[in-house]
Each structure stands twice: as structure tokens, then as C-alpha cells.
Amino acid sequence: MVAGLDEKLEPIYQEVLRRNPGETEFHQAVREVLESLGPVLVKYPEFADRKIIQLICEPERQIIFRVPWQDDKGVTQINRAFRVQFNSALGPYKGGIRFHPSVYLGIIKFLGFEQIFKNALTGMPIGGGKGGSDFDPKGRSDGEIMRFCQSMMTELYRHLGEYTDVPAGDIGVGQREIGYLFGQYKRITNRYESGVFTGKGLSWGGSRARKEATGYGTVFFTEEMFKARADALDGKTCVVSGSGNVAIYAMEKAMSLGAKVIACSDSNGVIVDKDGIDLELVKQIKEVERRRISAYAEEKKTARYLEDGNIWTVPCQVALPCATQNELNGTDAKTLIKNGVIAVAEGANMPSTPEAIRFFTEAGIAFGPGKAANAGGVATSALEMQQNASRDSWTFEHTEERLREIMVDIHRNCHQTSEEFGAPGNYVVGANIAGFVKVAGAMVAMGVI
Ligand code: NAP
């Protein structure tokens, strides 16, 4: 069952369905935002008069192109790549690039749409965009990854620029891929334009704490949700899905704040370690050796490996979905609630289905939606852009402190907005409205463009 839409918003949603057939993830992301916006149109009728919602649902520009490259055997491979430049009311388009075989236009549009509001919530001057390709990096050699990235950038470079569009990493795109992409951009343009990419290596314009930022930020947000309920993360049992960039650093910060993390996963299975996850071992397996998470149980006898297991059946007080979209459904939410979960914060983008969110909300669980809870990554990307613009390089401590302040502000903003619009403690409503109002105000100010 889905919640009803305001009568002014239903036709807008129907038009989104008609204009974007088959793009189910995009439909889901739009609907989730529209469900919050009814009271906004009452307070700000000019947004309806100026058709701001219809405009915001239509990307400013969508680029689709082929990426031909040769594999190690000399065989020609052809992938498809996307860049959706969704909204630039607050600044240059900003959002990551994803390499995963599931990527198609609907996924990139859902991610780009969410990014608009997330970026607004950070308080930084960045618009929303997203990109990616159906290229599958799993099992590919370094040389193949490099040739793919170079071929992709040979087309993409003409659409980027530090004042135009600034990509970063996402699933399947880490510092290695950003290096190859940035290198090709630099070669083609003959410009050392550091601010055109974020997530760069430290010696070539990257920011300290960027790698850690999304996961750390998600945990800072979780800690604020606990504080708002006069509680703390310290001593809580925690489960984190995924074992990629976001998951690893969410686990690291949760542990440092006193939580006990007992499970994580990858797309093949789940590891459960009742003694607490050995994070150095996870980093060695995932960041250095690039192996499957099953290797953890081979090394660590206290751990169980559940092939094709469901991580949400592991009892916990805090659940941090940090892998991918729609990885936590209504049944999973019910299981978590039955097992005593208190807080859920989304490190990934849209990992909880609408039904799961409804169950959490009805059960009074503290629920931090991705566009607020994982905004620390893009916020620190904006800090990287600041450092690049001033040719400066901040310490880890300074950057992490800025990140923490930003997450505290985002939490405060979402919480206050949820109260102002009659849904106290509902961070979904708070995040959607606070993000939307900021972008919509700028769009009205700039006229019909
Ligand atoms: P990553 O480093 O590539 O890690 C992704 C993790 O999720 C891997 O462990 C992967 O397992 C797992 N995973 C991916 N698809 C899955 C599936 N269909 N089922 C189960 N597990 C799956 O990517 P990431 O940067 O951590 O991104 C994770 C999530 O956070 C994404 O939703 C992304 O959009 C969001 N996010 C990332 C950032 C950032 O700064 N990186 C910022 C904001 C939000 P396999 O290795 O088996 O595929």
C-alpha cells in the first residue's frame, strides 16, 4: 500500500509516469518527495503557480553515449554511459558516477533527483546530477578499467567543468577510477582543473576525510537522532549492509563511538561475527585484495558466513543499510522491528522500500533517510572543491570537524522542519521539505529558465 498524494500533486506524478515510462526507481524517488510536499504548496502557493515541482522533475539535460573499448584479449566491448544534469539552481551539477551492470537511465535519474535535495541540505553551493555506466568492473584487470575510463571521459569531458558539472565516485567508482577519469580529462583539456572532480587522491588535489565522509556522516547523523531521544549510540549493537566505501567507514565511526558492529555483507553473502567485526581484516579483503566478503570467515573462526543470507535477520538495535537501492523491504523492516531495532539510517541511496519506511515510521523507529543521512559524502566533496579553489589542504581533524558540524546542522534542519510542518521527528518529511524549499526558492528567483 502506498500513501495518498495531495490532489494538486497526483496529476504531476501521473505526468512523470507518462513521460518516463519504465523508470521505476525514478518514479519511486519522485513519489517519495511528492508525498511530503502537500503542506508546502499551502504555505508557498507561488511554487504551484510557477510550476516549480513539474520543472524540478524534469532534468535540465540528459546525456547518453556509447563507450567502446578493448578488453585484454583485444575484443571490442560496448557499454552505455549516462550523465543526467538535473538541477543547477544552487550551483554546478554535483553527483557521483556509478559503474554497475544494473545501471540504466531510470537509476541515474533517481539518483540525480535525490541528489538535488541532498545537496541543498548540505548548505553548500552545489546543484544535483548523477552519472554512470552499465560497465561491470568485477573481474576486470587494471588495464581494462583504465581503458574503459579513458574511453568514457573522451566523450564526457565536454560536458564537465568546475563551474558546470563536477562528478565524484559511487558504486564501483573509487579513487582508482577517479584517477583514470581525471587523468584523461586533464590530457584532453590540457588543464589541471582540480575542482572538476572530487574524491581525488591526496597527492593530486584530494581532501583528507573524503573517503571516510559518507560513512562517518551517516553515523554522525545517527548519533544526533539518538541525542534527540536522550539516548546514545554507545553500547548499541549494529548491523551494516555492504562492505564497500560507505559501509567500511560507517562501521569505523560506529565502533569509535562505542557501538558493536556484528555483521556486514556483499552481494554474495553476509558475515556475522558475534565478537564484533574485525575492520582491519575487512579493509584488507575489500580495499587491498578486492576479494569477496566470504574470505573473512575463512580467516576468522569466530565468524559465520551466510551465502545468499539476509543481513536484516540478524538482531540489532541499529541498522545501517549501506549497499544499494531497495535492499531493505517491508518484510525486512518487520523483522528488524520485531528484533528490537531502535534506529535506522541510510548510508546508501534509497535502500529502504516505501513499505519499509512506512513500517519504521509507524513503529516510531528513528529513521534517517539517505538524502539527509548520507549527505556527508557530497558535503565533503564541496569541502574538497573549496580547498582546490584556494589551493589549500586542510588537516584530517579540521575536515572531519567541518563534516560533523554539517551533519549536526542537517539533522537540526530536518528535525525543525518536521516540527514546523506538523510531523515532528519524521526526518523523511523534514528532509524532503527543507531540501525542496531551498531549491524552489532559488528557481523562483531566477525566472522561467
Ligand atoms: P561500493 O564501494 O562500490 O560498495 C558497494 C557495496 O554494496 C559493496 O559491498 C557491494 O557488494 C554492495 N552491493 C552493491 N550492489 C548490491 C546488491 N545489488 N546487493 C547487495 N549488495 C550490493 O559503493 P559505495 O560508494 O559504498 O556506495 C554504496 C551506496 O552508498 C550506494 O547506494 C551509493 O549510491 C551510496 N552513496 C555513496 C556515496 C559515496 O561517497 N561513495 C555517497 C552517498 C551515497 P559487491 O562488491 O558484491 O557488489
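Which helix is Asn 245 found in? Keep that one in mind while we look around; the answer comes near the end of the tour.

**Whole chain.** Start zoomed out. This is a predicted model, and its chain has 17 helices and 12 strands. Along the principal axes, the C-alpha trace spans about 60 × 55 × 45 Å. A compact globule of 449 residues would have a radius of gyration near 22 Å, and the chain's 21 Å agrees with that. Switch on a surface and you're looking at about 17,800 Å² of exposed area, with carbon and sulfur atoms supplying 50% of it. Underneath, 58% of the 449 residues count as buried. If you draw contacts with a sequence separation of 6 or more, 72% of them come from residues 24 or more positions apart.

**The sheet.** Now select the strands from S6 to S12. These 7 strands make an open sheet with mixed pairing, and its order reads S9-S8-S7-S6-S10-S11-S12. Colour 303-307 and 366-368 to mark the edges: these are strands S9 and S12, each pairing on one side only. Going from one strand to the next, the twist averages 15°.

**S10 and S11.** Zoom in on residues 318-321 and 343-345. Here S10 and S11 pair in the parallel sense over 2 bridges. Show Val 318 as sticks and you'll find Ala 343 of S11 standing opposite.

**Helix H8.** Next, select 210-228. This is H8, which lies across S10, S11 and S12 and runs at about 150° to S11. Pick out Thr 214, which is found in this helix. Is Thr 214 buried or exposed? Its relative accessibility is 9%, so Thr 214 counts as buried, the cut-off being under 20%. Leaving aside residues up to four places away in sequence, Thr 214 touches Val 246, Gly 347, Asn 374, Gly 376 and Gly 377, so show those five as sticks too.

**The annotated pair.** Keep Thr 214 on screen and add Asn 245. An unreviewed UniProt entry annotates both as "binding site". They're spread over 32 residues of sequence, yet they cluster in space, with a largest C-alpha distance of 8.2 Å.

**Back to Asn 245.** Time to settle the opening question: select 245-256 and you have helix H9, where Asn 245 is found. At 37% relative accessibility, Asn 245 counts as partly exposed, whereas Thr 214, at 9%, counts as buried. For a last view, show H8 lying across S10, S11 and S12, with Thr 214 in that helix and Asn 245 in H9.

Notes: Residues numbered from 1 in each chain as written. Predicted model: local features only at pLDDT ≥ 70, side-chain atom pairs only at ≥ 80, totals over all residues. Heavy atoms only, no water. Pairing = 2+ DSSP bridges. Helix = DSSP H or I, 4+ residues; strand = E, 2+ residues; numbered from the N terminus. Axes fitted to C-alpha atoms, helices over the stretch in contact; angles between N-to-C directions. Contact = heavy atoms within 4.5 Å. Rg over C-alpha atoms; globule rule 2.2 N^0.38 Å. Buried < 20%, exposed > 50% of the residue type's maximum accessible area, 1.4 Å probe, protein only. Areas by Shrake-Rupley, 256 points an atom, 1.4 Å probe, with all protein chains shown as cover. UniProt positions renumbered as here; feature names shortened; annotations may be inferred.
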